[in-house]
2 protein chains.
Amino acid sequence: MEIKNALAAFSALSQQTRLEIFRLLVTKGMEGMAAGDIADALDVRPNTLSANLVILVNAGLLRNERQGRSIRYYVDMQGMRFLLSFLLEDCCGGHPELCQPVISEISCHCGESGG
Amino acid sequence: MEIKNALAAFSALSQQTRLEIFRLLVTKGMEGMAAGDIADALDVRPNTLSANLVILVNAGLLRNERQGRSIRYYVDMQGMRFLLSFLLEDCCGGHPELCQPVISEISCHCGESGG
DNA sequence: ATTTTATTTCTATATTTCATGAAATATGGA
DNA sequence: TCCATATTTCATGAAATATAGAAATAAAAT
């Protein structure tokens, strides 16, 4: 990943509506969500939502797929992976114990009851 | 973590100099780096660097410590942990296999020879 | 106390980003 | 074809952010 892609991604996540969109879609997993439903869920006007979705897609954080009249949006897990590995590249100056807690914290707890 | 903190963090990382600062400090681990050395390494003027360091500290991504005349900066691993867990909260709609590759990708490879 | 080095704060200008209304495009149904 | 629904594109004024010069602050050395 080049720095320009990473900048686009962080810039995309640095705006409230877009961060809410992303976090909402994170919870939806591969089910995703239609643009209109996102607009309803977050109470954002369609054109504003659309502009923000474009920014997230161009940043490599979301992908989309037309389904009839709707367009369905999903988190792009590969984009996410590239971004985080770019950010934490060559981490910790040789001391894994520093960054290991970061990684275990974000381990996927889907389906677990407690944490 | 509240959304405002996360927005501040992503906003901080969405600017080239600041992203370079953060990535440089990621590689330094607990050794950290003095402000002046960061300025030299990235070829940024001291006042510009200082303004950007303030933004990163306020975003919870860096911490600092005076050492004689220098001020030394470090990545704040706990801030990082909060940020990533906020971003990926309740992930994947119950399908861990979706986000697991993201996590293994960023696992700390410090000291390993190959990937 | 004065000087030197390291970093920050103040202030102004230039640039970027934001949400919106209005219009356009795409799909599906009658 | 004509209409309704779903979403995007365009243009714009308002707000936020970035950079740098100049001055200020903090610590160490003389």
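## How the two chains meet

Buried area is the accessible area, taken with a 1.4 Å probe, that two parts lose on being put together, summed over both. In this predicted model, chain A and chain B bury about 4,500 Å² between them, and 78% of that area is on carbon and sulfur atoms. The meeting involves 45 residues of chain A in contact with 45 residues of chain B.

Polar links are part of the picture too. Between chain A and chain B there are 2 salt bridges. One that you can look up joins the side chains of A:Glu89 and B:Arg23, with 3.2 Å from N to O. There are also 4 residue pairs in polar contact between the two chains, counting pairs with both residues at pLDDT 80 or more. On the side of chain A that touches chain B, helix H1 (3-13), helix H2 (16-28), helix H5 (77-87) and helix H6 (96-105) each supply at least two residues. Sorted by class, that side of chain A has 26 nonpolar, 12 polar and 7 charged residues.

## Two helices of chain B

Let us begin with helix H1 of chain B, residues 3-13. Its buried residues are B:Ala6, B:Leu7, B:Ala9, B:Phe10, B:Ala12 and B:Leu13. What do these buried residues of H1(B) pack against? Their partners come from both chains: H1, H2 and H5 of chain A, along with helix H2 (16-28), H4 and H5 of chain B. As a reading aid, an α-helix has 3.6 residues a turn, so residues three or four places apart point the same way.

Next comes helix H5 of chain B, residues 77-87, which is mostly covered, with 8 of its 11 residues buried. The buried ones are B:Met77, B:Gly79, B:Met80, B:Leu83, B:Leu84, B:Ser85, B:Phe86 and B:Leu87. The N-terminal end of H5(B) is capped by B:Asp76, where a side-chain oxygen lies 3.0 Å from the backbone nitrogen of B:Gln78.

## The surface near DNA strand C

Both protein chains take part here. Around DNA strand C there are 20 residues, and those that come nearest are A:Gln15, A:Arg45, A:Asn47, B:Gly36 and B:Tyr73. Helix H4 (46-58) of chain A supplies at least two residues of this surface, and so do helix H3 (35-42), helix H4 (46-58) and strand S3 (70-75) of chain B. The largest share, 4 residues, comes from H4(B). By class, the surface near DNA strand C has 6 nonpolar, 9 polar and 5 charged residues.

Which part of the strand does the protein meet? Of the atoms of DNA strand C within 4 Å of the protein, 68% belong to sugar or phosphate, and the rest belong to bases. Two contacts go to phosphate oxygens: a polar side-chain atom of A:Gln15 lies 2.5 Å from one, and a backbone N or O atom of B:Ile71 lies 3.2 Å from one. For a contact with a base, look at B:Arg69, where an N or O atom in the side chain is 3.4 Å from a base oxygen of DNA strand C.

## The surface near DNA strand D

DNA strand D is surrounded by 21 residues, and the closest are A:Gly36, A:Tyr73, B:Arg18, B:Arg45 and B:Asn47. Sugar and phosphate account for 65% of the atoms of DNA strand D that come within 4 Å of the protein. At least two residues of this surface come from each of helix H3 (35-42), H4 and strand S3 (70-75) of chain A, and from H4 of chain B. The classes here are 7 nonpolar, 9 polar and 5 charged.

Chain B reaches phosphate oxygens of DNA strand D through polar side-chain atoms: one of B:Gln15 lies 2.8 Å away, and one of B:Arg18 lies 2.7 Å away. From chain A, a polar backbone atom of A:Arg69 is 3.5 Å from a sugar or linking oxygen of this strand.

## A positive phi in each chain

Finally, find residue Asp90 in each chain. Phi of A:Asp90 is near 55°, a positive value in a residue other than glycine. A:Asp90 sits in the loop between H5 and H6 of chain A. Is A:Asp90 buried or exposed? A:Asp90 is exposed, because its relative accessible area is 57%, and the cut-off for exposed is over 50%.

In chain B, phi of B:Asp90 is near 55° and positive, again in a residue other than glycine. The loop that holds B:Asp90 runs between H5 and helix H6 (96-106) of chain B. B:Asp90 is exposed, with a relative accessible area of 57%.

Definitions and conventions:
Residues are numbered from 1 along each chain as its sequence is written. Chains are lettered from A and ligands numbered from 1 in the order in which they are written. This is a predicted model: local features need pLDDT of at least 70, side-chain atom pairs count only at pLDDT 80 or more; totals for chains, interfaces and linings use all residues. Side-chain values use heavy atoms; hydrogens and water are left out. A residue is near a molecule or strand if one of its heavy atoms lies within 4 Å of it. A polar contact is a pair of N or O atoms within 3.5 Å; within protein, one must be able to donate a hydrogen and the other to accept it, and residues adjacent in sequence count only if both atoms are side-chain atoms. Ala, Val, Leu, Ile, Met, Phe, Trp, Tyr, Cys and Pro count as nonpolar, Asp, Glu, Lys and Arg as charged, and the others, Gly among them, as polar. Buried means under 20% relative accessible area, exposed over 50%, partly exposed in between (1.4 Å probe, protein chains only). Contact means heavy atoms within 4.5 Å. A salt bridge is a side-chain nitrogen of Lys or Arg within 4 Å of a carboxyl oxygen of Asp or Glu.
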